[in-house]
Amino acid sequence: MTTIAPALAVRRAGWFTQTGQVLRRWLIVSIRQVWGPAMSLIQPVIWIVLFGQVFHALGALPQFGGAGYIDYLVPGILMMTVLYSGAWAGTGYIDDINSGVMDQYLTSPISRSAIITGQLVQQLIVGVAQSLVVLGIGALAGARYPGGAGGMLVALAVATVLAAIFCCASTGVALISRNQIALISLSQLIVLPATFLSTTMMPAALMPDWVQSVSRGNPMTWAVELGRGGLTGVYPDAAWWQLGGLVLLAALAFTWAVRSLRAYQRSI
């Protein structure tokens, strides 16, 4: 008499477990290629040291509030660092597409949002580490943070939200274009104007009228002013609106990244 064994029930891992596995994989990649995040810190060091020294005299202008140019510059460099790192986040997906890893993801019983979230969390962890280094370099260069530890946490939190926006946007572009050159070119077209049409390096009162108008609606300006408010302890009047705008953009960018992954799956 033949006995038929009951079918083994296959238990699907929960969303957090799936996300944790994706995160673990990307963290291993970061450890094996640590030179990438490390090299990305060279540019902010150059900007803090060189710009801080070359434009040191500007700090005497009343528009800088008497705090000195290096104090004004460091929050901007902090946001620039996570902005540039986030803009490159999509390159990992293009590598996965070209190497076949993405196909393995898409044939696995794993949530599409877990794929996006796992890589996003890894990028944010790297961004926080880079931000701490930038604040440390700024302090060594002479910057002071009257806002204290709480203010620095606020600045790190704002930088993390800004990083999430650009990481997700870069992911969306990567999954649509599937081309490194297109992603890099588009990133350069966005990050440079976003930086120089903001209050990253110069107060709005010293900029042309049209640049002032553009900078008021620039998320980079929102992040820089919130970060500057945290480090100085003096927040802008529109702080809650700016924070709400950044969080909304982060939510929209994350949704777009997940939809882009699903669109990619339908196209293959």
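How many helices and how many strands are there in the protein? There are 12 helices and zero strands.

**Figure 1. Overall view of the predicted model.** From the N terminus on, the elements run α-α-α-α-α-α-α-α-α-α-α-α. The C-alpha trace spans about 95 × 35 × 35 Å along its principal axes. Of the 268 residues in the protein, 46% are buried. Among contacts with a separation of 6 or more, 80% are between residues 24 or more positions apart. The protein exposes about 13800 Å², and 69% of this area comes from carbon and sulfur atoms.

**Figure 2. Confidence of the model and the N-terminal residues 1–5.** The mean pLDDT of the protein is 88, and 96% of its residues reach 70 or more. Over residues 1–5, pLDDT stays under 50. For residues 1–5 the model has zero contacts beyond four places in sequence. Where pLDDT is low, the predicted coordinates should not be read in detail.

**Figure 3. Surroundings of T171 in helix α8.** Helix α8 covers residues 148–177 and includes T171. T171 has a relative accessible area of 2%, so it counts as buried. A polar atom of the T171 side chain lies 2.9 Å from the backbone oxygen of C167. Leaving out residues up to four places away in sequence, T171 touches G90, Y93, I116, Q119 and A257.

**Figure 4. Surroundings of Q119 in helix α7.** Helix α7 runs over residues 112–140 and holds Q119. Q119 is buried because its relative accessibility is 1%, which is under the 20% cut-off. Beyond its neighbours within four places in sequence, Q119 is in contact with V22, W26, A89, Y93 and T171. The contact with T171 also appears in the list for T171, and Y93 is in that list as well. W26, one of the residues in contact with Q119, has R25 over the face of its ring, at 4.5 Å from the ring centre.

**Figure 5. The aromatic pair W47 and F196.** The count of aromatic pairs comes to eight. One of them joins W47 and F196 and is tilted, with 6.5 Å from centre to centre and 40 degrees between the planes. W47 lies in helix α3 (residues 42–54) and F196 in helix α9 (residues 180–196), so the pair ties together parts that are 149 residues apart in sequence. Are the two residues buried or partly exposed? W47 counts as buried because its relative accessibility is 12%. F196 has 47% relative accessibility and therefore counts as partly exposed.

**Figure 6. The aromatic cluster that includes W47 and F196.** Which residues form the cluster? Its members are W47, F51, F55, F64, Y69, Y72 and F196. The ring of Y72 also has a charge over it: the charged end of R228 sits 3.5 Å from the ring centre.

**Figure 7. L192 in helix α9 and its separation from G142.** L192 is located in helix α9, the helix that also holds F196. With 35% relative accessibility, L192 falls between the 20% and 50% cut-offs and so counts as partly exposed. L192 and G142 are 50 residues apart along the chain. In space, 26 Å separates the C-alpha atoms of L192 and G142.

**Figure 8. R178 in the loop between α8 and α9.** R178 follows helix α8, which covers residues 148–177, and is found in the loop between α8 and α9. R178 is not a glycine, yet has a positive phi of about 55 degrees. Its relative accessible area is 35%, so R178 is partly exposed.

**Figure 9. A238 in the loop between α11 and α12.** Helix α11 covers residues 219–232 and helix α12 covers residues 239–267, with A238 in the loop between them. A238 counts as partly exposed because its relative accessibility is 33%. L226 and A238 are 12 residues apart in sequence. Their C-alpha atoms are 9.2 Å apart in space.

Key. Residues numbered from 1 in each chain as written. Heavy atoms only, no water. pLDDT = per-residue confidence, 0-100. Contact = heavy atoms within 4.5 Å. Helix = DSSP H or I, 4+ residues; strand = E, 2+ residues; numbered from the N terminus. Buried < 20%, exposed > 50% of the residue type's maximum accessible area, 1.4 Å probe, protein only. Polar contact = N/O pair within 3.5 Å; in protein donor to acceptor, adjacent residues only side chain to side chain. Phe/Tyr/Trp six-rings, centres within 6.5 Å; stacked < 30°, edge-to-face > 60°. Lys NZ or Arg CZ within 6 Å of the ring centre and 35° of its normal. Areas by Shrake-Rupley, 256 points an atom, 1.4 Å probe, with all protein chains shown as cover.
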